Amino acid sequence: MSLEYFKHIYDYTGEELINQFYYNVQIAFAMGIKNVGEINLGIRTLYYFRKHVYEYILKHPQEEDLIFGQFIKLMKEFSLKAGVMTDKQRMDSTLISSNIKKAGRLALALDVLEKAIKKVPHEFLSDKLKEVTKEGYTRTLLYKTKSSEIENRLEHVIDLCVELKEIIQGNENLSSNNELLLLERLLNEQTVKNASEKGYKIKRGKDIAGNSLQSAYDVDATYRKKAEKQSSGYVLNISETCDNNNEIQLITDYVVEKNIVSDVEIINSRLEIIKENTGCKEIVVDGGYYGKRTFDTSKDHGIIIKYTDMTGGKPDENKTSVLEFKLDEDNKILRCPANIEPLDSYVANGASTAHFIKSDCEVCEKKEFCIAKPHKDLNTVRIEHDTIKAEKTRSEIETNKKTNVSSRAAIEGTISELKRKHGADETRVRGLIKTRIVEGLKITACNIKRFIIYMQEKRTKVVKDATYFGIPVSQT
């Protein structure tokens, strides 16, 4: 584990890490090795260790992630030693790319076809499928194809996939392999069955879902476009402390999901975990985390969510705000903005409804801007409770915007640090579980690095403040 952390502190390759282990005195000393070279270590030991961790997590999905458990253990120890307050935190997410080539639909279909065809004995293949196994087939199809020919070539490859699928399904010894599942997934996502012609028709690009297969070699990766950035891979979400009294800020939580998982889904799944591990009372986030469920989830766990902005449409500025109505603790409407009592008022189905006498509304100075709906005998006001929550949140944002933006801003620097210094956007692995393992190591490495800097600065301060026979050491 120590070597894994060193690898991600400095973003070493496996070979570089082994060289550092054997020839870097500082790394040997940090690991408790007094004499460089006294312990032998082969690079395969590292590979086997990673393999065992991966397989354990794969076989025990309900148990705690081993890497996350070590992250929490170290984070708590660092927090205790550095006096880091975890009551106030900030949260943000970023897209991270899978270790796959950026390929079009034709290349994807070819990859799936080639991967599946290797599992089928050569004698089972038709003449057309045997052509695929010849050297240079893929290169010719991909790189010697004009733009106008791509659709026809894609249809040809899809036809070959259908033919291969039928061969595999017709043989009991082949029908249980994963390559068949990959073929079926490709056909389900990229085509629609043409009932009249008993064939498959290629879907339009805009009809393909974001969770469709992105690579034959990383079946977990998904597609998403966020803030004009397109990515095939995953989303990394982190939380970190942001109390101004902390000498260092530490990352307190992380999770890696498919990139089609929204920020709202992530925060609702992480709040309980963050509360349990850190006792957090307040989290600052951007508007992407605002949702109907977030308000209730944060209340259940005793965490105040502070937003820097809000997504969604703003209310009509020419209409009366719902916050101008006087409501009781159950959101029952007591009075309108003109201080008129309703004829009746009740709460039902997540909304507050009140009826007002038309003659009262006719003489009201605010009738032009009122949200009341006129009916034959009465005027009706109906306010959704979600609208009340949204308007209260929007009001709080405007009141505390400067403070919240200031508290949250630095987490973008942390994400930049993870990508630039620790290679968080270049994981060199494929698959959701492997990506979680690697990102967990990188994030823990970031915390270790911050704690080391804190200890170095603390030591420097102690030396600077020390005296020698009453004379400051800094002057001797």
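**Close-up 1. The second largest cavity in this predicted model has a lining of six nonpolar residues, one polar and one charged.** Say hello to Phe-21, Tyr-22, Ala-28, Ile-33, Val-36, Gly-37, Glu-38 and Ile-39, the residues that line this space. The volume enclosed here is about 30 Å³. Phe-21 is also worth following into another view, as this residue of H2 takes part in the meeting of H1 with H2.

**Close-up 2. The largest cavity encloses about 40 Å³ of space.** In total, the structure has two cavities of 30 Å³ or more. Around the largest cavity you will find Glu-4, Phe-49, Arg-50, Val-53, Ile-67, Ile-437 and Leu-441. Two elements, H4 and H15, each supply two or more residues to this lining. H4 is the main contributor to the largest cavity, giving three residues. Sorted by class, the lining of the largest cavity has five nonpolar residues, no polar ones and two charged ones.

**Close-up 3. Helix H1 (residues 2-9) crosses helix H2 (residues 14-23) at roughly 115°.** A pair of packed helices is described by the angle between their axes together with the distance between the axes. For H1 and H2, the axes come within 10 Å. The crossing of H1 past H2 is right-handed. On the H1 side, the contact is made by Leu-3, Phe-6 and Lys-7, while H2 brings Gly-14, Leu-17 and Phe-21. By class, this contact of H1 with H2 holds four nonpolar residues, one polar and one charged.

**Close-up 4. The largest pocket has a volume of about 620 Å³.** Its lining is made by 27 residues. If you would like to centre your view, Arg-428, Val-429, Arg-430, Lys-434 and Val-438 are the lining residues that lie nearest the middle of the pocket. H1, H2, helix H4 (43-59) and helix H15 (432-465) are the elements that give two or more residues to this lining. The largest share comes from H15, with seven residues. Divided by class, the pocket lining has nine nonpolar, six polar and twelve charged residues. H4 and H15 may look familiar here, as both also give two or more residues to the lining of the largest cavity.

**Close-up 5. Four strands form an open sheet in the order E11-E12-E14-E13.** The pairing in this sheet is antiparallel. Strand E11 (344-348) and strand E13 (373-374) are the edge strands, and each has a single partner strand, so one side of each is left without a neighbour in the sheet. Helix H14 (residues 385-420) packs on the sheet, where this helix touches E11, strand E12 (351-357) and E14. The direction of H14 makes about 65° with that of E14.

**Close-up 6. Strand E13 pairs with strand E14 (residues 378-384) in the antiparallel sense.** Two bridges join E13 and E14. For a handy landmark, look for Lys-373, whose bridge partner in E14 is Thr-380.

Definitions and conventions. Residues numbered from 1 in each chain as written. Predicted model: local features only at pLDDT ≥ 70, side-chain atom pairs only at ≥ 80, totals over all residues. Heavy atoms only, no water. Axes fitted to C-alpha atoms, helices over the stretch in contact; angles between N-to-C directions. Left-handed = near helix turned anticlockwise from the far one by under 90°. Contact = heavy atoms within 4.5 Å. Nonpolar A, V, L, I, M, F, W, Y, C, P; charged D, E, K, R; others polar. 1 Å grid on protein atoms, 1.4 Å probe; cavity = no way out; pocket = protein on both sides within 12 Å on 5 of 7 lines; lining within 4 Å. Points joined across faces, edges and corners; volume = space filled by probe spheres on them. Pairing = 2+ DSSP bridges.
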